[in-house]
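User: I would like to see how the words used for a structure follow from its numbers. Please show one and start with its surface.

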Amino acid sequence: MSSTFKLQCHFILILLMALRGESRHLELRERADHDPFLRFSANLKREPAEEQLYRRALRCLDMVSLQGQFTFTANRPQLHCAAFFIGEPEEFITIHYDLVSIDCQGGDFLKVFDGWILKGEKFPSSQDHPLPTAERYIDFCESSLSRRSIRSSQNVAMIFFRVQEPGNGFTLTVKTKPNLFPCNVISQTPNGRFTLVVPHQHRNCSFSVIYPVAIKISDLTLGHLNGLQLKKSSAGCGGVGDFVELLGGNGLDPSKMMPLAELCYPFHGPAQMKIGCDNTVVRMVSSGKHTNRVTFEYRQLEPYELENPNGNSIRELCLSHL
Ligand SMILES: *[C@@H]1O[C@H](CO)[C@@H](O)[C@H](O)[C@H]1NC(C)=O
């Protein structure tokens with residue numbers, strides 16, 4: 001697992017940041033272009049909302065963190081393409097096919113995946129996603145336009161595609177919808193604060209930060225219990241009932257990451273941990289008997305913190321996997 005994976009993850013994140021910068025640039029430029037018309041804004045009010053949709057071309061490998069309309073057109077045979085979509089934690093992603101011109105018989109494809117998948121590692125893991133893995137792929141060539149709009153189960157989704165004939169391609173509109181109880185989330189940012197609430201549901205939720213972070217957990221409610229126990233014995237919380245675990249690893253799939261701490265016993269005050277892994281996950285396992293809630297803050301570790309591990313820093317655990 002490995003350094004290739006790490007490189008890919010970082011590549012995706014760099015891509016995300018670069019594209020965000022670029023989108024902002026485009027937005028600003030667009031606004032500047034339209035500036036002369038701003039004073040006529042009263043006259044423009046009747047303009048349909050669609051006109052304001054952000055539009056751009058989609059690349060064979062791409063990352064999208066904005067709502068808008070995206071068009072892919074092959075300029076040569078493109079065999080292995082993927083676009084990653086990400087929204088805010090409290091959002092679902094919807095993907096709507098506006099126009100698809102691909103040759104399914106000739107081996108082209110266009111598939112939506114409910115989550116992200118990188119090197120065979122999925123987020124959410126199959127233990128955390130409400131649907132069986134096979135149902136998380138929606139193949140355009142099989143369902144055609146009978147499923148023209150697809151909604152993800154969390155704030156990330158992606159598409160895979162192959163378009164061989166130059167000139168062929170597709171246009172899709174990506175939008176976000178509010179999600180009242182976000183369960184599985186990939187954070188767009190290396191710093192933040194989040195409260196994960198699981199209201200009487202028998203399900204597992206993972207919040208993933210794909211950066212080395214210091215994480216501080218507070219306000220834990222697990223039904224009637226409050227608690228934290230650093231994983232000293234292999235027994236921990238016993239892996240049963242309702243609990244929160246802190247996972248570290250260098251891949252995307254929480255079920256393949258190392259448990260670093262479990263929270264299920266009474267404790268007082270915030271607990272902080274530095275996790276020098278590429279991916280840090282706060283995962284809540286819920287029986288459905290209680291409403292569970294955990295609040296945490298995270299911030300990206302500084303380079304010097306990664307170089308000089310001390311205190312309860314556990315960089316070695318992740319390094320040993322490289
Ligand atoms: C939640 O995860 C645990 C393992 O951590 C698994 O045993 C259980 O089946 C999962 N529950 C659901 C509802 O998927």
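Analyst: The protein chain exposes about 15900 Å², and carbon and sulfur atoms supply 54% of this area. Such areas come from the Shrake-Rupley method with a 1.4 Å probe, and for residues only the protein chains shown count as cover. The model is predicted, so local features need a pLDDT of at least 70 and side-chain atom pairs count only at 80 or more, while totals for chains, interfaces and linings use all residues. Residues are numbered from 1 along each chain as its sequence is written, and side-chain values use heavy atoms, without hydrogens or water.

User: How do you know how confident the predictor is, and where is the pLDDT below 50?

Analyst: The pLDDT is the predictor's confidence in each residue, from 0 to 100. The protein chain averages 81, and 73% of the residues score at least 70. Residues 20-47 are below 50, and beyond near neighbours in sequence this stretch has 10 contacts (heavy atoms within 4.5 Å) in the model. Residues 225-234 are also below 50, with 33 contacts of that kind. Where pLDDT is low, the predicted coordinates should not be read in detail.

User: What makes up the chain in terms of helices and strands, and what share of the residues is buried?

Analyst: The protein chain has five helices and 22 strands. Helices (H or I, at least four residues) and strands (E, at least two) are DSSP runs, numbered from the N terminus. Of the 322 residues, 48% are buried, a word that stands for under 20% relative accessible area; exposed is over 50%, and partly exposed is in between (1.4 Å probe, protein chains only). Among contacts between residues at least 6 apart in sequence, 78% join residues at least 24 apart.

User: Why is Ser152 called buried?

Analyst: Its relative accessibility is 3%, which is under the 20% limit, so Ser152 is buried. Ser152 is found in the loop between strand S10 (149-151) and strand S11 (156-163). Leaving aside neighbours within four places in sequence, Ser152 is in contact with Phe92, Ile93, Asp114 and Ala157.

User: What makes the link between the side chain of Ser152 and the backbone oxygen of Gln154 a polar contact?

Analyst: The distance is 2.6 Å. A polar contact is a pair of N or O atoms within 3.5 Å; within protein, one must be able to donate a hydrogen and the other to accept it, and residues adjacent in sequence count only if both atoms are side-chain atoms. The value is within the limit, so the pair qualifies.

User: Is Glu245 buried or exposed, and how do you know?

Analyst: Glu245 has 8% relative accessibility, so this residue of strand S18 (residues 243-249) counts as buried. Setting aside residues up to four places away in sequence, Glu245 touches Pro259, Ala261, Glu262, Val281, Val282 and Arg283. With Arg283 there is a polar contact between side chains, at 2.7 Å. The C-alpha atoms of Glu245 and Val281 are 8.1 Å apart, although 36 residues separate them along the chain.

User: Which residues are around the ligand, and what makes them count?

Analyst: They are Gln127, His202, Arg203, Asn204 and Arg283. A residue counts as near if one of its heavy atoms lies within 4 Å. A ligand oxygen is 2.3 Å from a polar side-chain atom of Asn204, and one is 3.0 Å from a side-chain N or O atom of Arg283. A polar backbone atom of Gln127 lies 3.2 Å from an oxygen of the ligand. On its own the ligand has 360 Å² of accessible area, and the protein covers 54% of that.

User: What makes His200 and Asp219 unusual in phi, and which class of exposure does each have?

Analyst: Most residues other than glycine have a negative phi, and most peptide bonds are trans. His200 has a positive phi of about 45 degrees, and Asp219 has one near 50 degrees. His200 sits in the loop between strand S14 (192-199) and strand S15 (204-209). At 51%, over the 50% limit, His200 is therefore exposed. Asp219 belongs to strand S16 (residues 213-222), and its 49% falls between the limits, so Asp219 is partly exposed.

User: What kind of peptide bond joins Phe123 and Pro124?

Analyst: The bond is cis, with omega about -10 degrees. Pro124 lies in the loop between strand S8 (121-123) and strand S9 (137-139).
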